[in-house]
Amino acid sequence: MQRSSKKQAHSLPGYRDWQYYGVLSALALMVPLTLGTVLWLLPSAQAQQADNGYTDGANGVLHVRGALTESACRLDMVSARQDIQLGEIATGRLQQVGDQGAPVAFELRLKDCLRSPAGSRDSRTGGLIWAAEQPAVTVSFNAPADADSPQLVKVQGISGLALRMTDPQGRDIRLGSRGAPLLLTPGQNSLAYQVTPERTRAPLVAGAYLATVDFRLSYD
């Protein structure tokens, strides 16, 4: 009797309709729940991906830094390395301390000199050199000094001879210190110097000699 009544209930038209609408209602309720679960998991997945951005061996970052400095001129690369030939001089011309050979000129060539105000103080005299539209440059030369004459550049290979260097105004260069400020006229591209062999108090020994002098330009 019970089996028969169940079959009759299942065969009723209204029963099938209620089953159909019940399934639709259940599916409608599952959509918000599933969507909420996905949205809840999404930030976690994104955070995990961001955390692993620089640790998974495939990504990285470059920090590039630098500085832009102002300069009135710049040194022409032709002047950066020079080979100055003094030629030969006979020992007969250097019998007395202070005797000199023939001076040899060399230049420091500059590029891109612009009109700019300059105010620079001479480290020797303390005087201030100022110009409204002329850049100023100071040059310092560094080299081993001669033991008997510290104002001269020491040479290697011989004895009794050293080198005297003078600036564009004919003043002696003090090794290791900044020279007098030099005003540059826009368009002026060179600074003229001289180097002269000079006899010292050491015994005079003939032979080939050489010397290395470094220099640095500073703009004020």
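1. In this predicted model, phenylalanine 106 and tyrosine 193 are both buried. The two rings form a stacked aromatic pair, with 5.7 Å between centres and 20 degrees between planes. Phenylalanine 106 belongs to strand β2 and tyrosine 193 to strand β9, so 87 residues separate them and the pair links distant parts of the chain.

2. A further aromatic pair is formed by phenylalanine 141 and phenylalanine 215; this one is tilted, at 6.1 Å centre to centre and 45 degrees between the planes. Phenylalanine 141 is in strand β5 and phenylalanine 215 in strand β10, so parts of the chain 74 residues apart in sequence are tied together by the pair.

3. Are the two partners of the tilted pair buried or exposed? Phenylalanine 141 has a relative accessible area of 2% and is buried. Phenylalanine 215 is partly exposed, because its relative accessible area of 25% falls between the limits of 20% for buried and 50% for exposed.

4. The structure holds three aromatic pairs. Phe106, Phe141, Tyr193 and Phe215 make up one aromatic cluster.

5. The largest nonpolar core has 23 residues, and those touching the most other members are Leu108, Val139, Phe141, Leu191 and Tyr193. Two or more residues of this core come from each of β2 (104-111), β5 (136-142), β7 (161-166) and β9 (190-199). In soluble globular proteins, nonpolar side chains tend to be buried together. Phe215 is partly exposed at 25%, so phenylalanine 215 does not qualify as a core member, for which burial under 20% is needed.

6. Which residues does valine 139 touch, leaving aside those up to four places away in sequence? Among them are Leu108, Leu191 and Tyr193, which are also listed with Val139 among the core residues touching the most other members. The remaining contacts of valine 139 are Ser177, Arg178, Gly179, Phe215, Arg216 and Leu217. Val139 thus touches one ring of the tilted pair, Phe215, and one ring of the stacked pair, Tyr193.

7. The largest pocket holds about 650 Å³ of space. Its lining consists of 22 residues, and Gln82, Ile84, Ala211, Thr212 and Val213 lie nearest the pocket centre. The elements giving two or more residues to the lining are β2, β7 and β10 (214-219). By class, the lining residues are 15 nonpolar, four polar and three charged.

8. Strands β2 and β7 recur in both settings: each gives two or more residues to the largest nonpolar core and two or more to the lining of the largest pocket.

Technical notes. Residues are numbered from 1 along each chain as its sequence is written. This is a predicted model: local features need pLDDT of at least 70, side-chain atom pairs count only at pLDDT 80 or more; totals for chains, interfaces and linings use all residues. Side-chain values use heavy atoms; hydrogens and water are left out. A nonpolar core is a set of buried Ala, Val, Leu, Ile, Met, Phe, Trp, Tyr and Cys residues joined through side-chain atoms within 4.5 Å. Buried means under 20% relative accessible area, exposed over 50%, partly exposed in between (1.4 Å probe, protein chains only). Helices (H or I, at least four residues) and strands (E, at least two) are DSSP runs, numbered from the N terminus. Contact means heavy atoms within 4.5 Å. On a 1 Å grid over the protein atoms alone, a cavity is a set of points where a 1.4 Å probe fits but cannot get out, and a pocket is an open set with protein on both sides within 12 Å along at least five of seven lines; lining residues have an atom within 4 Å of a point. Grid points are joined across faces, edges and corners, and a volume is the space filled by probe spheres set on the points. Ala, Val, Leu, Ile, Met, Phe, Trp, Tyr, Cys and Pro count as nonpolar, Asp, Glu, Lys and Arg as charged, and the others, Gly among them, as polar. Rings of Phe, Tyr and Trp (its six-membered ring) pair if their centres lie within 6.5 Å; planes under 30 degrees apart count as stacked, over 60 as edge-to-face and the rest as tilted.
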